[in-house]
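Reader: I would like to go through this model with you. For each label, please tell me what it rests on.
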Amino acid sequence: MSGLNEQQYEAVHYRGKSMLVLAGAGSGKTRVITERIAALVEREVPLDAITAVTFTNKAAKEMRQRLKKRLGKKEKKLRICTFHALGLEMIREHAALVGRSSKLAVFAESEQRAALRSVLQDLRLPSDKERIDILKKQLTAIKSGQQQDVDPRAQRICDEYDTFMQRMNAVDFDDLIVLPAKILAEHEDVRWLWRARCRHFLVDEYQDSSRTQYDLVKCLVTTEQNLTVVGDDDQAIYGWRGADAGNLFQLEKDYPALHVIRLEQNYRSTGAILSTANTLIANNSQRIGKELRSNMGMGKAVRVWQVKESDDEAERVAADLRAQYAKEDAKWQNMAVLYRAGYQARVLEIALREANVPYHVSGGLSFFERSEIKDVLAYLKLTVNMTDDLSFIRAISKPRRGVGAKTLAALSDFAATRSFSLLEACLEAPTEIRKADAMASFGRSIVDMEHGFLHLEPDTAFDQMLEASRLIGMIESEAKDEKETTRKTSNIESLRAYWLRYSEAGGQLDGFLQQIFLQSNKDEEADESSVRLMTVHAAKGLEFDHVYVVGMEDGTFPHKNALDEGRIEEERRLLYVAITRARYRLTLSMARRRKRYGQTETLDASRFLAELENKHVDWVDRDPESAGAKEEVEDSMARIREMLGL
DNA sequence: AACGACATAGTTTTT
DNA sequence: CTATGTCGTT
């Protein structure tokens, strides 16, 4: 237990019912939560009475790993998972109570859209992207009971959508939180079962919880139970997505005995960096208030760069990354370039490539969002859950079997008259429906696949499925080059390996598929030795020796839309998160003119830069023009070099 | 059903 | 600029 400071120790060993730990960036929050769980176990609290929830799989995984080191085998019996995984567990166990079976499918966002589109079309309503966007939000609000007086038309769509999802034996991400709350509210026996399992309930990153998630917590944890909540109001950056840091304040009302502990000792960054962070965040009015303290000395001043063009900015970052690498023997993977929005990555990529700096862009399509993976998954999902019409449509269209919208509509009508799923319908499709033979043989091959997964070895079953789907042939014929084919087939090979690993541990296909949809799995950040390029959002929870925050202009960071909508404080927290990622060296940079959507705009310095006036901040080139002049010298040097043929 | 021309919009995105 | 989606043509 050594090495805990006074506040950490108190947080780990507090014996009262409810506690809020306000944990600043880099204050050892994960350590505290894992030590607290370990302490509970050592106090002989039954393992089945402890539940810890996080928001990301990564965080859950890390917590598990630490506890495994600390407790050994016992770790396996602890319930440590994401909010959504907990919800899924509850729904699976009590599926019948919400009109599902335990083999239910979890619909990712794209599938939820498709489901909504289908519902709208059935109701003969327009189903364009914009409307679906609006409805999706509205649906979330209605389902969670947030909206007061619901427009009856929206309610109708919501009800239809629910029926549709039940018929598909599917749930969406919202359902994973809403349905468990509903089950708990309506069934007393289930309520007591889960309250026993959550006798000690711990929540990480609480500032990112939504109202719905908090409602679930309240159902699960009475004031007689033990609630530990860890969070940081200054790092709440998902408000736009329904997270409500106000949940932190609400706790005090719902759990009157709440004990509050602050962790302000930071073990990550230099004094200069923390001083900058403190100065910035002090401008927010909506905060509990805390000051991070460093234990590392002042360190190097925070640099601020002002350059003329966004291209120059990227080049300068690239050059400096190289210089740091050479000078300080820093490793590439300890450096990161952070930006407000994804499109800013492109200029940086070009410059880094030019400068021969190895880099890796985080974000983009996740593994499970790639089309070839979605295709394979459609077959697998249909195999497990034959009522999943959306997977049916994807599977039967890939590869193309000459079945298009018209044929599907006919099949769908036929299915409706007999209350069949599309798969059942195609097995018995009357000959007057076009392509009836082809569809019937497709249907039989799916039934074969099901049989395979039930009776054959996992690898044989997978290979049989892949073979029968003819997806590999489709990839080979549609790819524009050899590289694309190998990329896609090796992705499928990864999925296969993943499935084999899961099945070797005794898992079934239905569990495998459910698991997958809870994992955003942004490609496991394969590249070890490379500079990381990512949005500030993606950087949360990470730390780097050297951090560059680019695009410090008004309109870029803070983002223009946030500015217009008066969401300045969240933008400020976002920069606070960015700053507190840095351990030793922080560089902020702005460009006077930025290329955006093919046009060049002239921008002012970010209002946040003005707030950083501080003796630990070094404005390397205050006057943008001087920076420009320097670039001009370099330009002419480059031209001379070119003329000399170098 | 498939393809290509045209239009349109373009923060952030744990699950 | 460019990624995505819609619409019209074959």
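Reader: How do you know that the length of α13 fits a helix of 19 residues?
Author: This is a predicted model, and the check is simple. Helix α13 covers residues 310–328. At 1.5 Å a residue, its 19 residues should span 27 Å. The end C-alpha atoms are 26 Å apart, so the two values agree.

Reader: Which residues of α13 are called buried, and what makes them so?
Author: Buried means under 20% relative accessible area. In α13, S310, D312, E313, A314, R316, V317, A318, D320, L321 and Q324 meet that limit. Just after α13 comes D329, with a positive phi of about 60 degrees.

Reader: How do you know that α19 has the span expected of a helix?
Author: Helix α19 runs over residues 436–455, which makes 20 residues. The expected span is 28 Å at 1.5 Å a residue. Its end C-alpha atoms lie 29 Å apart, so the span agrees. Among the buried residues of α19 are A436, M439, F442, I446 and F453.

Reader: What makes β2 and β3 a pair?
Author: Pairing needs at least two bridges. Four bridges join β2, residues 50–54, to β3. That passes the cut-off, so they pair. The two strands run parallel. A52 has I80 in β3 as its bridge partner.

Reader: Why are β3 and β8 called edge strands?
Author: The open sheet has six strands, in the order β3-β2-β6-β7-β1-β8, with parallel pairing. β3 (79–82) and β8 (259–263) each have a single partner strand, so one side of each has no neighbour in the sheet. From one strand to the next, the twist averages 15 degrees.

Reader: What does helix α1 touch in this sheet?
Author: Helix α1, residues 6–13, packs on the sheet and touches β1 (18–23) and β8. Its direction makes about 145 degrees with that of β8.

Reader: Which residues touch the most other members of the largest nonpolar core?
Author: They are F201, L220, F392 and L495, in a core of 86 residues. Helix α15 (residues 371–384) gives the largest share, eight residues. Contact means heavy atoms within 4.5 Å. Leaving aside neighbours within four places in sequence, F201 has contacts that include T51, V53, L86, V217 and L220. Apart from this core lies another, of 36 residues, with L292, V304, V547 and A582 among them.

Reader: What makes a residue count as near DNA strand C?
Author: One of its heavy atoms must lie within 4 Å. R346, Y597 and G598 are the residues around the strand. Of the atoms of DNA strand C within 4 Å of the protein, 33% belong to sugar or phosphate. The rest belong to bases.

Technical notes
Residues are numbered from 1 along each chain as its sequence is written. Chains are lettered from A and ligands numbered from 1 in the order in which they are written. This is a predicted model: local features need pLDDT of at least 70, side-chain atom pairs count only at pLDDT 80 or more; totals for chains, interfaces and linings use all residues. Side-chain values use heavy atoms; hydrogens and water are left out. Axes are lines fitted to C-alpha atoms, for helices over the stretch in contact, and angles run from 0 to 180 degrees between N-to-C directions. A nonpolar core is a set of buried Ala, Val, Leu, Ile, Met, Phe, Trp, Tyr and Cys residues joined through side-chain atoms within 4.5 Å. Buried means under 20% relative accessible area, exposed over 50%, partly exposed in between (1.4 Å probe, protein chains only). The expected span of a helix is 1.5 Å times one less than its number of residues.
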